[in-house]
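Please look through the sequence and the model shown below. The report that follows takes up charged side-chain pairs, then the sheet, then the pockets.

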Amino acid sequence: MKNYILGYARVSTESQNLDRQLDALEKYGVEMIYNEKMTGTKKDRPELLKLLDRVTDGDTVVVESLSRLGRSTKDLIELTELFQSKGVHLVSLKENVDTSTSTGKLLFTLMSAIAQFERDTIADRTREGLRSARARGRMGGRPKANPDQVKKAVKLYHTGLYSIKEIEELTGVKKSTLYRNL
């Protein structure tokens, strides 16, 4: 089975020009280029999604710069992890990164470690914040529904005379709570 060299180019606005990126990708020898004019902060970029669906084991994805793939470290790591899981190599021309080489794999591993550290740090801060709030008497989470109002909502539902929306308005009980108690 033939391995392909696929490219991805992106600019953030319609008024910007893709030529510089396209030239660099063509010079590298990219066989098929997916390009779009859309902000990198959006997850649902149609051309990137097409590329991700298309790539298979042994293919290489080339970008002019890692910033073309995404704006956040988290998004870049997720994409590179996806490429790795599919057996796809990533080449970034500007940063001179190629995950088919030992140096490129090292860089990928370091980026993954940093991203995991970032996720773990966020989780630690969240747990610390919850402990601190509990120590001050704040429990967090959704407030519990009034049991009497829930009983009333269930009775109203069983009469068949009221819509769910009307029951919500009359009792203050959300439909998810009502359904859970039916």
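Arg127 and Asp124 are separated by about one helical turn, because the two stand three residues apart in helix α4 (residues 102–135); helices (H or I, at least four residues) and strands (E, at least two) are DSSP runs, numbered from the N terminus. Their side chains meet in a salt bridge, with 2.5 Å from N to O, the term being used for a side-chain nitrogen of Lys or Arg within 4 Å of a carboxyl oxygen of Asp or Glu. Side chains of opposite charge can pair when their charged atoms come close. Arg127, at 44% relative accessibility, counts as partly exposed, and Asp124, at 36%, also counts as partly exposed; here buried means under 20% relative accessible area, exposed means over 50%, and partly exposed lies in between (1.4 Å probe, protein chains only).

The model is predicted, so that local features need pLDDT of at least 70 and side-chain atom pairs count only at pLDDT 80 or more, while totals for chains, interfaces and linings use all residues. Residues are numbered from 1 along each chain as its sequence is written, and side-chain values use heavy atoms, with hydrogens and water left out.

How many salt bridges does the structure hold? There are five salt bridges, among them the three in this table.

| Salt bridge | Closest N and O atoms |
|---|---|
| Lys50 and Glu47 | 2.9 Å |
| Arg54 and Asp59 | 3.8 Å |
| Arg127 and Asp124 | 2.5 Å |

Lys50 and Glu47 both belong to helix α2 (residues 46–54), where they lie three residues apart, about one turn of the helix. Lys50 counts as partly exposed because its relative accessibility is 46%. In the pair of Arg54 and Asp59, Arg54 counts as partly exposed at 26% relative accessibility, whereas Asp59 counts as buried at 0%.

The sheet is open and is formed by five strands in the order β2-β1-β3-β4-β5, with mixed pairing. Its edge strands, each pairing on one side only, are β2 (32–37) and β5 (97–98); two strands pair if DSSP finds at least two bridges between them. Strand β3 (residues 60–63) pairs with strand β4 (residues 89–92) in the parallel sense over four bridges, and Val63 has Ser92 in β4 as its bridge partner.

The last topic is the pockets. On a 1 Å grid over the protein atoms alone, a pocket is an open set of points where a 1.4 Å probe fits, with protein on both sides within 12 Å along at least five of seven lines, and lining residues have an atom within 4 Å of a point. The largest pocket holds about 230 Å³ of space, a volume being the space filled by probe spheres set on the points. Of the 13 residues that line the largest pocket, Pro143, Lys144, Ala145, Thr177 and Arg180 lie nearest its centre. Helix α7 (residues 175–181) gives the most to this lining, with three residues. By class, the lining of the largest pocket has three nonpolar, six polar and four charged residues, where Ala, Val, Leu, Ile, Met, Phe, Trp, Tyr, Cys and Pro count as nonpolar, Asp, Glu, Lys and Arg as charged, and the others, Gly among them, as polar.

The second largest pocket has a volume of about 170 Å³, and its lining includes Gly40, Lys42, Leu48, Asp75 and Leu82. Helices α2 and α3 (73–86) each supply at least two residues of that lining, and the largest share, four residues, comes from α3.
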